[in-house]
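Reader: I should be grateful for a close look at a single part of this structure. Please describe its setting and its partners in one connected account.

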Amino acid sequence: MNPRRKKRLTLAVALIGGVAAIASLLLYALNSNLNLFFTPTEIVQGKKDTGVMPEIGQRIRVGGMVTIGSMVRDPDSLHVEFAVHDAAGGEIIVTYDDLLPDLFREGQGIVAQGVLSAPGTLEATEVLAKHDENYMPPEVAEAMGQTHEKLDYSKDQSKAGGYK
């Protein structure tokens with residue numbers, strides 16, 4: 001092999017090795033920041049199609065309805081605990097140590113993001129409440145077995161709200 005071909009081959013191998021190393025680092029970084037969505041039933045029983053259950057310490061998002069009468073507030077701090085359930089009957093406990101959104105209510109759909117601290121218990125770092133009575137996040141609507149429909153405004157509502 002002549003020196004020119006040897007130099008090109010070395011450069012090509014180095015380039016391929018560099019691209020592989022960068023791709024590996026990117027995949028590792030993305031995997032550690034991945035938040036998987038689960039329903040309460042999937043947390044308790046595992047996903048239907050794969051049987052995958054979240055592990056203790058894993059960052060996840062969970063969506064469902066806040067169980068009526070389940071909210072317990074600590075009078076001396078912002079700590080709150082509430083249960084979240086879905087249509088399949090699964091229920092988990094969510095703990096949160098911050099201000100809840102203004103639209104948060106019992107009997108309403110929410111998405112909570114946090115770390116699974118024990119089987120059936122999520123320590124939430126963020127709680128999102130639905131926007132209005134007609135909207136539900138698509139993941140929650142699918143998990144609850146409901147259809148997600150676009151809002152239909154009348155002409156008067158469209159003019160009053162500035163929509164065209």
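**Strand S2 and its surroundings**

Author: In this predicted model, strand S2 is largely enclosed by the rest of the structure, because six of its eight residues are buried. The term buried here denotes a relative accessible area under 20%.

The strand pairings may be taken in turn. S2 runs parallel to strand S1 (residues 36–38), and three bridges join the two. Within this pairing, Val62 of S2 stands opposite Phe38. Between S1 and S2 the chain passes through helix H2 (residues 40–45), forming a β-α-β crossover that is right-handed.

With S6, S2 pairs in the antiparallel sense, over seven bridges. Here Arg61 has Gln113 in S6 as its bridge partner. S4 is likewise joined to S2 in an antiparallel arrangement, through two bridges; Val66 has Val84 in S4 as its bridge partner.

These strands also bear on the interior. The largest nonpolar core comprises 19 residues, and Phe82, Val94, Ile110, Ala112 and Val127 are those with the most contacts inside it. Two or more residues of this core come from each of strand S2 (59–66), strand S4 (80–85), strand S5 (91–96), strand S6 (109–118) and strand S7 (121–129).

Phe82 offers a detailed view of this region. Apart from its neighbours within four places in sequence, Phe82 is in contact with Val66, Ser70, Met71, Ile92, Ile93, Val94, Leu100, Phe104, Ile110 and Val127. Val66 thus appears twice in this account: as the bridge partner of Val84 in S4, and among the residues in contact with Phe82.

How values were computed
Residues numbered from 1 in each chain as written. Predicted model: local features only at pLDDT ≥ 70, side-chain atom pairs only at ≥ 80, totals over all residues. Heavy atoms only, no water. Core = buried A, V, L, I, M, F, W, Y, C linked by side-chain atoms within 4.5 Å. Buried < 20%, exposed > 50% of the residue type's maximum accessible area, 1.4 Å probe, protein only. Helix = DSSP H or I, 4+ residues; strand = E, 2+ residues; numbered from the N terminus. Contact = heavy atoms within 4.5 Å. Pairing = 2+ DSSP bridges. Right-handed = clockwise from strand over helix to strand, strands pointing away.
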